[in-house]
Amino acid sequence: MRKKIVVIGGGTGSFITLSGLKKYPFDLSAIVTMMDDGGSTGKLRDQLGVLPHGDLRQCLIALSDASDTWRKLFNYRFESGDLEGHSFGNILLSALEKVTNSYDETVEEAHKIMTVKGSVIPVTHDKSRIHVEYQSGRVLEGEKFLDEKSIDGDRIKNISLVPKATLNPKVAGAIEDADYIIVGPGDLYSSIISISAVEGFKKVFEVSEAKIIYIMNLMTKSSQTPGYSAQDHIDDFARYFGRQPNYVMINSEDIPKDVVEYYKTESNDIVVAGSVKNVKVILKPLLSPIRSNKKSLHDQVFAHSVIRHDPEKVAAAIVEVVG
């Protein structure tokens with residue numbers, strides 16, 4: 001019987017993990033955050049009243065067995081005219097939401113169009129935004145603000161959703177059936193912890209018998225994880241999800257100095273492994289040799305990073321644990 005693996009996170013990190021794992025004989029599901037309100041996704045959400053499709057789109061592409069042309073088309077982003085900045089896939093999913101009778105039907109039809117191998121499951125069907133309170137007392141509402149540079153080292157005290165969001169019932173079924181749950185990589189609060197803030201999620205996650213593998217980010221993010229060590233990431237994860245991961249996977253490769261210097265201009269730095277408590281640490285070379293051009297509109301899957309995890313290296317490391 002094929003092992004059931006559930007990947008939890010946002011579009012970019014989950015894309016990496018799913019792309020690598022798709023080549024192996026696993027039963028794959030992706031639980032996707034639905035709180036994005038920036039860029040093309042945010043514009044369509046505000047103008048059309050649709051749910052945010054950006055993270056969903058990337059996971060659909062990752063698990064798609066459609067032709068390369070269809071995959072490129074789904075990820076194509078217009079560079080001029082009235083549609084400048086919009087992803088074709090986001091527009092298609094928005095239109096699909098308008099002509100279907102429920103969001104379940106929207107996602108089902110998207111699976112058919114993209115010939116998806118596995119399941120991509122929105123964590124909620126409710127329209128909600130991230131509400132963040134910082135230790136300084138500062139309050140932000142909206143995921144787009146969590147992408148902005150912050151230089152004051154202010155840490156997040158609490159995160160919630162406004163209005164409250166209810167759990168998609170399919171999420172509970174996927175978690176209950178899972179043998180392993182892969183978390184990340186991805187922005188700790190906007191891509192990962194936002195999922196735990198959906199009502200009912202934590203209760204289901206806490207009682208799951210699945211083993212949890214946490215893929216540690218390569219770099220900190222000033223607006224979400226300023227100065228965070230690996231243990232800081234794990235502590236915040238456990239606080240919101242209600243349990244510790246069983247394994248934490250950390251990159252062992254050196255990050256080029258010029259890349260580190262670039263990230264420092266954004267007040268970000270390498271996530272220090274340090275000493276991690278009560279979790280089995282897996283040190284592996286996980287760095288992709290390919291660097292992203294952040295100014296390229298066509299590099300949308302990796303538009304928010306210069307370096308990233310390598311899908312094949314990540315998948316191989318996971319397979320060593322899963323067997």
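Is Trp-70 buried, partly exposed or exposed? Trp-70 is partly exposed, at a relative accessible area of 34%. The views below are taken from a predicted model.

**View 1. A nonpolar patch on the surface includes Trp-70.** Trp-70 belongs to helix α4. It shares the patch with Leu-73, Tyr-76 and Ile-113. Together the four residues have about 310 Å² of accessible area.

**View 2. Gly-85 sits in a loop between two helices.** The loop runs between α4 (68-75) and α5 (88-99). Gly-85 has 23% relative accessibility, so it counts as partly exposed. Leaving aside residues up to four places away in sequence, Gly-85 touches Ser-40, Arg-77 and Phe-78. Asp-179 is 94 residues from Gly-85 in sequence. Their C-alpha atoms are 39 Å apart.

**View 3. Seven strands make an open sheet with parallel pairing.** The strand order is β3-β2-β1-β7-β8-β9-β10. At the edges stand β3 (119-122) and β10 (280-284). Each has a single partner strand, so one side of each has no neighbour in the sheet. From one strand to the next, the twist averages 20 degrees. Strand β2 (residues 27-32) runs parallel to β3 and is joined to it by four bridges. Within this pair, Ser-29 stands opposite Ser-119 of β3.

Helix α1 packs on this sheet. It touches β1 (4-9), β2, β7 (180-183) and β8 (211-215). The direction of α1 makes about 160 degrees with that of β1.

**View 4. Ser-14 is a buried residue of helix α1.** The helix spans residues 11-21. Ser-14 has a relative accessible area of 1%. What does Ser-14 touch, not counting residues up to four places away in sequence? Its contacts are Val-7, Ile-8, Gly-9, Cys-59 and Pro-185.

**View 5. Three strands make an open sheet with antiparallel pairing.** The order is β5-β4-β6. The edge strands, β5 (139-141) and β6 (156-162), each pair on one side only. Here the twist averages 15 degrees from one strand to the next. Three bridges pair β4 with β5 in the antiparallel sense. Leu-140 in β5 is the bridge partner of Val-132.

**View 6. Helix α8 lies across β4 and β6.** It runs at about 60 degrees to β6. Why is α8 described as largely enclosed by the rest of the structure? Nine of the nine residues of α8 (residues 188-196) are buried, so the helix is largely enclosed. Among them are Leu-188, Tyr-189, Ile-192, Ile-193 and Ile-195. The buried residues also include Ser-190, Ser-191, Ser-194 and Ser-196.

**View 7. Buried residues of helix α2 pack against two helices and a strand.** In α2 (residues 39-48), Ser-40, Thr-41, Gly-42, Leu-44 and Arg-45 are buried. The buried residues of α2 pack against α3 (54-62), α5 and β4 (129-134). Gly-49 follows the helix. Its phi is positive, near 70 degrees.

**View 8. A salt bridge links Arg-129 to Asp-46.** Side chains of opposite charge can pair when their charged atoms come close. The whole structure holds 13 salt bridges. In this one, the side chains meet at 2.9 Å, N to O. Arg-129 lies in strand β4 and Asp-46 in helix α2, so the pair ties together parts that are 83 residues apart in sequence. Arg-129 counts as partly exposed, at 24% relative accessibility.

**View 9. Lys-112 and Glu-109 form a salt bridge within helix α6.** The N to O distance is 3.4 Å. The two residues are three apart in α6 (residues 103-114), about one turn of the helix. Lys-112 is exposed, at 52% relative accessibility. Glu-109 is partly exposed, with a relative accessible area of 25%.

**View 10. Lys-284 and Glu-320 meet in a salt bridge.** Their side chains are 3.0 Å apart, N to O. Lys-284 lies in strand β10 and Glu-320 in helix α12 (residues 311-322), so the bridge ties together parts that are 36 residues apart in sequence. Lys-284 counts as partly exposed at 23% relative accessibility. Glu-320, at 57%, counts as exposed. Elsewhere, salt bridges that share partners join Asp-37, Asp-46 and Arg-129 into one network.

Note on methods
Residues numbered from 1 in each chain as written. Predicted model: local features only at pLDDT ≥ 70, side-chain atom pairs only at ≥ 80, totals over all residues. Heavy atoms only, no water. Buried < 20%, exposed > 50% of the residue type's maximum accessible area, 1.4 Å probe, protein only. Contact = heavy atoms within 4.5 Å. Pairing = 2+ DSSP bridges. Axes fitted to C-alpha atoms, helices over the stretch in contact; angles between N-to-C directions. Patch = residues over 30% accessible without salt bridge, like charges linked within 9 Å, V, L, I, M, F, W, Y side chains within 5 Å. Areas by Shrake-Rupley, 256 points an atom, 1.4 Å probe, with all protein chains shown as cover.
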